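The exercises below deal with chain contacts, strand pairing and a ligand site. Work through each task before reading its solution.

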Amino acid sequence: MSAHDILFAALRRLCPDEEVPDAIAARAGALARAMQACLPPLEFPDLVENFVARVTAEKVGATVEVLAGWEHLPDAVARYALAQGLEQEVALQPDPRLLALDWGFVRDVPLKSDTMIAVGVARGGIAETGSLLFHSGPDAPTLYGFMPLHHIVALETRTIVARFEDYTAQEQGKPHPRNVNFITGASGTTDIEGVLARGAHGPRRLHILLIG
Amino acid sequence: MNADRGELAGTFKERARKALGDAHLRVALDRTTGNARTKRAAAVAAWPDFDRARAAAAAIKDHALQNFPYYLEQFERNALASGARLHWARDAKEACAAVIKICRETRAKTVTRSKSMLGEEIGLPHALAEAGVRRVETDLAEHIIQLAGETPSHIIWPAAHRTREDVSKLFEKHHRDHLLLTEVEAMVDSARRELRDDFFSADVGISGANFLVAETGAICTITNEGNAELTTTPPRVHIVTAGIEKIVATTEHALQLTRVLVRSATGADLTQYTTFHCGPKRAGDLDGPEEFHIVLVDHGRTQMLEDMPEMLRCLRCGACLNHCVVYRKIGGHAYGGAYPGPMGSAITPVFDGLEPSRDLPHACTLNGHCKQVCPVDIPLPTILRDWRAKSYRQGFESRAVRLGLALWAFIASKPALYRAALAVALPLLRRRGKDGWISALPFAPGWTESRDFPAPPEKTFLARIASGEEA
Amino acid sequence: MVQNVHPGGPRVGLFATCLVDMLRPNIGFSALELLRAAGCTVEIPKTQTCCGQPAYNSGDDASARKLARQVIEIFEGFDYLVAPSGSCAATIRVHYPDLFRAEPAMRARAEKLSAKTWELLSFLVDVRGFAPTGVSCKASATYHDTCSGLRELGIKTQPRALLSAIEGLEMRALEGEETCCGFGGTFCVKYSEISDAIVTEKAENVVATGADLLLGGDLGCLLNMAGKLRRAGAPIRVFHAAELLAGRAIHAIGEEKP
Ligand code: SF4
């Protein structure tokens, strides 16, 4: 017998109370609802307000700017680079919404291991934690969120949901992308004495441009 | 397998004594666990129903374990469909062999690794070294202990035994730019520079998994630094090593467990990076591994399912370590296994056998703080006491202990004899006292090495009651 | 068997615990007085010895069962079993049923006793709604929550509520009041160096309160802390909370002249 078969034989012997598939699924759903019933309420009833409060809280530490539309994005990026004393060079995630914009004097450069700024688009946001959601794909390579020192992310406010459970409900029955990333603040580590320090390997700064 | 390592040499008591004498270690432990306790307390205070959530989390894990074969099979089916390749390992040896085989087939010279306690448990670092593969640990703490040539001393903060001053010295010595740094930020920066190139030149990236999601076949990693994604995305091959108990039913369950896990570990609402990895690079993808392997490891899990199923709920959050008075005094290396603290004492006997590790379940006051803070309500004190009972039944306890307990039970079960014995013994003991205190006890020298013992009274409570004294 | 009849009140079997019996009768007398003041008919069965906790925690289940059976036989006829110790009460209440999991008949008896077993201070508050009257003590005190009582029986507010009725007593917060003192029964002898490190930190925290008195609800832990404080030369006096509540806090642990 293979390791696989031996293992499954042992598990079958040790799990005599296994239910039938329908009952299992019903039970899994009930358990998820039971957990939902004890969640702490969101601080603000407005999802965008709650998202901003969480993501800018000290322990998450991102910055947020609100923009009236996609067309204001290049300006906001340019201003950010200027304020940070960085060159007007960014690696643009190949998202059609970004590529369609007029970037003026901001240059689009390839993503490299020492890229200073990358600009991306989040697929959604989670209000309860201030998390950004990304699905990998041809227009959303994973590494844009991890290689640069500064990660600027555009997020449409209408895509913000209250909780993780709302996200999973939305995704029910849809194919799973290769990577689902929830990004909550800039990279940090508490590995030295439990003290938080930013920019361990991923971005040191996370700047969110909310498009409302 | 690590018995030759300096910090793991000797018996439990020898290692504990060494740790207790190490004032520097105490500083490091106090800082890390103190910070962790403060942050967890703040996170829990902001969640009024946290205790109910712990019960709900335990039920979610129990559900997966109750239907273990069903969910594991579902995971297998979905993972295969995503293009992942699965390898099943019954023990540490088979697990390491599976990883090494993939490395050989890839002709890997360098592997990057993001922290995985399972890797430590199965001795993967050692196996990679034997196979001549260069291993680069990318988690900051793992990087620190790799430079120091040590093993992790905490499951969340592997370098919990190291102060910032230690890290500064290590980096000055080993990093290419040999800078003497005093600020934590600058040290983090130095590690970033040092490890940057390895992320992109490694042939294989190895990660663990916090969850195996049955409904999708994805594996979930949870990190703060972003090193997991940088470890697993650029190399041609991504290998996941995971214990089979990481199985959960759905993405929703995984995220719900993450909520309690992260709060218990670092006090954050969510770690910076929570990622579900599902299969290799797809058509049109600009990045991602070409091969995606998952090594699924039993190594005692089926045994635990039989003997202490609650232990398989463990999310490896480390809260039980941070709140354990014993761990806080002796640190992780004294425990001698991959996992220290209460959860380590509960599972190390499964891996190493009870006889050589029987000190672990005994070196505990059974105060229950670990259970109280555990996000999945694992009855750790009960599990540790059950190990004691097993150790007693199997005759591992010393003759002196067995005789002492038997004698006490014999006398205490004969009330008249008990009264008579006390009537003789107490005055004798009382005579050893000076100013009301005894400074050397004949039967328990361990007590009076560091504490005084009050001299007993002339007569017992019951003797006084029997002689008609009312109050 | 000593009896104090309070018509109408429940019949309470006072389980003094072996440590109190041997080392600190004053706690037993304090418990007796408090229970009577709370309207109970108190009996002190004279065949009582030890609840078996040392054997149970050492994994010697056979010995633990032997003593558990004895306790069940002695106390099952009472309305309540009350003990001035969180850990002994927890052994009976939480662990006895488990000890007899393979003997259904004994298990049923263990469960019945478990349901009516109480630690003294929580019994006074939760069952009897008792508050002491006319007790005064001009001193400052700090309270250590002993682990078994706190985590196995949920004793936290009850001792504080009782102590708040003592006139002149100033309570001071103890840093790490819910952190184990390092006693752990046989642990403190078997792993005495680790235990010492833990109780050293506890003693430092106690001293830092600047309080005159250290109070708690479990004699084992109190002996551990008192012994450490004494060895460290700290002048803090250590009492079981019941001694203070009964107005019997005259000689602290170690103060009774030989
Ligand atoms: S036993 Fe509980 S507290 Fe300890 S690491 Fe596991 S989940 Fe966390």
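Two strands count as paired if DSSP finds at least two bridges between them. The model is predicted.

**Exercise 1. Strand pairing in chain C**

Task: Determine which strands of chain C pair with strand E4 (residues 80-83), and in which sense.

Solution:
- Step 1. Take strand E2 (residues 11-14) of chain C: 3 bridges link it to E4(C), and the two run parallel.
- Step 2. Locate one of these bridges: Leu14(C) has Val82(C) of E4(C) as its partner.
- Step 3. Turn to strand E5 (residues 117-119) of chain C, which is also joined to E4(C) by 3 bridges in the parallel sense.
- Step 4. In E5(C), the residue opposite Val82(C) is Trp118(C).
- Result. Val82(C) is thus found in a bridge with Leu14(C) and opposite Trp118(C).

**Exercise 2. Which chains touch**

Task: Establish which pair of chains shares the most contacts, and how far apart chain A and chain C are.

Solution:
- Step 1. There are 2 pairs of chains in contact, and chains A and B share the most contacts.
- Step 2. Chain A does not touch chain C; between their nearest C-alpha atoms lie 20 Å.
- Step 3. Chain B meets chain A through 99 residues of chain B and 77 residues of chain A.
- Step 4. Chain C meets chain B through 70 residues of chain C and 67 residues of chain B.

**Exercise 3. The interface of chain B and chain A**

Task: Describe the area, the polar pairs and the composition of this interface, taking the side of chain B where a side is needed.

Solution:
- Step 1. The buried area is about 7,500 Å², with carbon and sulfur atoms giving 59%.
- Step 2. On the side of chain B, the residues that lose the most area to chain A are Arg192(B), Arg259(B) and Gln272(B), together 9% of what that side buries.
- Step 3. The interface has 11 salt bridges. Asp189(B) and Arg204(A) form a salt bridge, with the closest N and O atoms 2.3 Å apart.
- Step 4. Polar contact is found for 44 residue pairs.
- Step 5. Helix H10 (residues 184-201) of chain B gives the most to the side that touches chain A, namely 11 residues.
- Step 6. That side of chain B consists of 46 nonpolar, 25 polar and 28 charged residues.

**Exercise 4. A sheet across two chains**

Task: Give the strand order of the sheet with strands from chains A and B, and name its edge strands.

Solution:
- Step 1. The sheet is open and has 8 strands, in the order E8(A)-E5(A)-E6(A)-E9(A)-E9(B)-E6(B)-E5(B)-E8(B), with mixed pairing.
- Step 2. Its edges are strand E8 (160-161) of chain A and strand E8 (247-248) of chain B, each of which pairs on one side only.
- Step 3. Between the chains, strand E9 (residues 179-183) of chain A pairs with E9(B) in the antiparallel sense over 5 bridges. One of the partner pairs is Ile183(A) with Tyr273(B).
- Step 4. Within chain B, strand E6 (residues 218-223) and strand E9 (residues 273-277) run antiparallel and are joined by 5 bridges. Here Thr275(B) of E9(B) stands opposite Thr221(B).

**Exercise 5. The interface of chain C and chain B**

Task: Describe the area, the polar pairs and the composition of this interface, taking the side of chain C where a side is needed.

Solution:
- Step 1. About 6,100 Å² is buried, 61% of it from carbon and sulfur atoms.
- Step 2. The salt bridges number 8. Glu201(C) forms a salt bridge with Lys329(B), the closest N and O atoms lying 2.4 Å apart.
- Step 3. There are 33 residue pairs in polar contact.
- Step 4. Helix H11 (residues 192-209) of chain C gives the most to the side that touches chain B, with 9 residues.
- Step 5. By class, that side of chain C has 32 nonpolar, 19 polar and 19 charged residues.

**Exercise 6. The ligand shell**

Task: State how many residues surround the ligand, which are the closest, and how the shell divides by class.

Solution:
- Step 1. The ligand is surrounded by 13 residues.
- Step 2. The closest are Cys314(B), Leu315(B), Cys317(B), Cys320(B) and Cys374(B).
- Step 3. The shell has 11 nonpolar residues, 1 polar and 1 charged.

Methods. Residues numbered from 1 in each chain as written. Chains lettered and ligands numbered in written order. Predicted model: local features only at pLDDT ≥ 70, side-chain atom pairs only at ≥ 80, totals over all residues. Heavy atoms only, no water. Contact = heavy atoms within 4.5 Å. Buried area = accessible area lost by both parts, 1.4 Å probe. Salt bridge = Lys/Arg side-chain N within 4 Å of Asp/Glu carboxyl O. Polar contact = N/O pair within 3.5 Å; in protein donor to acceptor, adjacent residues only side chain to side chain. Helix = DSSP H or I, 4+ residues; strand = E, 2+ residues; numbered from the N terminus. Nonpolar A, V, L, I, M, F, W, Y, C, P; charged D, E, K, R; others polar. Near = heavy atom within 4 Å.
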